[in-house]
Amino acid sequence: MLKRIPVSELKEGMKIGMPVLSPLGEKVIAKDTIVTHDVMVVISRSRAKEVTIMVSNEDLSQVKTQAKEMVMDGIENSINPVVFNTKEDVAQMVNRLTQIVMKNAKRKEYLQLMEKLKDYSETVFSHSINVALISYMLADWLNFPEADKEEVLLAGIVHDVGKLKIPLEILDAKRKLTKGEFEKIKKHSIFGSQMIKSAGLGEEIRLVALNHHERYNGKGYPMGLSGGRISQYGRLVGIVDTYEAMTAKRAYRKAMSPFVITEIMTANGGADYDPTFLNIFLFNILNRYVGKEVLLTNGKKAEIFSINRTNLGKPTVKMDGRVYDLTMPFLGKGVGVEEIYV
Ligand SMILES: [Fe+2]
């Protein structure tokens, strides 16, 4: 197979696929020549800007595998153990993400952005991977068609890509940000939208970067859009983004329990989020912990018995062979689930 590349990308050992011509049309290097240092000198003196080289199918598949390995390695170590808590879970999700990226026409652009994110900030990279995977799960719980689920996953990967333009001393600050610094961070939505536009990843993907901090009640940023004016995928990824950021372990705090996060996200009737998306998301996420051992806020250990549809943050738990409904003050007023053991 032939491939046209800029002279600057020419390397020793490559095979010339078509004669290299000077700007006047004279043949400078013949077809099938193996590129050596001397050949490179001759080509650069000829002032040709591009050359055609031979690429064997084997080389191409090797490139694909390398990219895949790079992504796989990065992802596997980034999976959020609170959400994906079995080895099978992790392996399955990593595979799915890799497959969806690799079959996309823009895989090169996605891989490049992923690599940049990983180099710039492990925290942002790992957050993005988890948001992508959880968003795919939510799209599945919402019965989205496969193509839409895949688009949501891809949007999750790049939703925070604008953070590449935020200085690390602000991004990684382990202290309360100043008002000015917070205003700077907020710009990542607009930066991300611009970057996605220039990478040509598509309008729905761009809108997720732009809209994921908008809130259903209009109290978000950058535009203060409300309700259905926020793109559908933007509303979806916005929920997962908030949830994942709180579940993930950070250097300065431990991971928060999904039940505590649920209480935070549903405070004031969950007005920040699309009500249908939020309800389906939390119910399904919390159901994954049925049967798991937990620590209650009163210091006692228990097991999640069932999730209460009407009060998601307060499940029914089993303790010493008895079942207690945490919406009732049997174990003391306001007792909740402090921690989940995984
Ligand atoms: Fe963000």
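**Exercise 1. Two residues with positive phi**

Locate Arg47 between its flanking elements, then decide whether Arg47 is buried or exposed.

*Solution.*
- Step 1: Arg47 sits in the loop between H1 and S5. Helices (H or I, at least four residues) and strands (E, at least two) are DSSP runs, numbered from the N terminus.
- Step 2: A note on the ground rules: this is a predicted model, where local features need pLDDT of at least 70 and side-chain atom pairs count only at pLDDT 80 or more, while totals for chains, interfaces and linings use all residues. Residues are numbered from 1 along each chain as its sequence is written, and side-chain values use heavy atoms, with hydrogens and water left out.
- Step 3: Arg47 has a relative accessible area of 66%, which means it is exposed. The cut-offs are under 20% for buried and over 50% for exposed, with partly exposed in between (1.4 Å probe, protein chains only).
- Step 4: Check the backbone: phi of Arg47 is positive, about 65°, although it is not a glycine. Most residues other than glycine have a negative phi, and most peptide bonds are trans.
- Step 5: Now try Asp32, in the loop between strand S4 (27-29) and helix H1 (37-46). Its phi is positive too, about 75°, and it is not a glycine either. With 39% relative accessibility, Asp32 counts as partly exposed.

**Exercise 2. A cis peptide bond**

Identify the loop that holds Pro222 and the state of the peptide bond leading from Tyr221 to Pro222.

*Solution.*
- Step 1: Pro222 is in the loop between H10 and H11.
- Step 2: Omega for Tyr221 to Pro222 is near 5°, and the bond is cis.

**Exercise 3. The iron site**

List the donors of the iron ion and classify their arrangement.

*Solution.*
- Step 1: Asp160 (OD), His188 (NE2), His212 (NE2) and His213 (NE2) coordinate the iron ion at 2.1 to 2.3 Å. Donors are N, O and S atoms within 2.8 Å of the metal (3.2 Å for Na, K and Ca); water is not among the atoms, so sites may look incomplete.
- Step 2: The angles between the four donor atoms run from 82 to 168°, which makes the arrangement irregular. For four donors, tetrahedral needs all angles between 85 and 135 degrees; four count as square planar and six as octahedral if opposite donors are over 155 degrees apart and all others between 65 and 115, and anything else is irregular.
- Step 3: Along the sequence, the donor spacing reads D-x27-H-x23-H-H. His188 in helix H9 (residues 188-199) and His213 in the loop between helix H10 (203-211) and helix H11 (232-247) link distant parts of the chain, 25 residues apart.
- Step 4: Both of these, His188 and His213, are buried.

**Exercise 4. Strand pairing**

Work out the strand order of the open three-stranded sheet, then trace the pairing of S8 with S9.

*Solution.*
- Step 1: The sheet order is S1-S5-S2, with antiparallel pairing. Two strands pair if DSSP finds at least two bridges between them.
- Step 2: Strand S1 (2-6) and strand S2 (15-16) are the edges, each pairing on one side only.
- Step 3: Five bridges connect S1 and strand S5 (residues 50-54) in the antiparallel sense; for Pro6, the bridge partner in S5 is Glu50.
- Step 4: Elsewhere, S8 and strand S9 (residues 322-325) pair antiparallel over four bridges, with Lys318 opposite Val323 in S9. The two strands form a hairpin with two residues between them, and Asp320 in the turn has a positive phi of about 50°.

**Exercise 5. Helix H5 and the core**

Compare the reach of H5 with its expected span, then find where the largest nonpolar core lies.

*Solution.*
- Step 1: Helix H5 (residues 122-141) has 20 residues and reaches 29 Å from its first C-alpha to its last, close to the 28 Å expected. The expected span is 1.5 Å times one less than the number of residues.
- Step 2: Of the 20 residues of H5, 16 are buried.
- Step 3: The largest nonpolar core has 81 residues, and Leu97, Leu236 and Leu296 touch the most other members. Such a core is a set of buried Ala, Val, Leu, Ile, Met, Phe, Trp, Tyr and Cys residues joined through side-chain atoms within 4.5 Å. H5 supplies its largest share, eleven residues.
- Step 4: Domain 2 (60-247) and domain 3 (257-342) both contribute residues, so the core lies between them. Domain bounds come from an automatic or database domain assignment.
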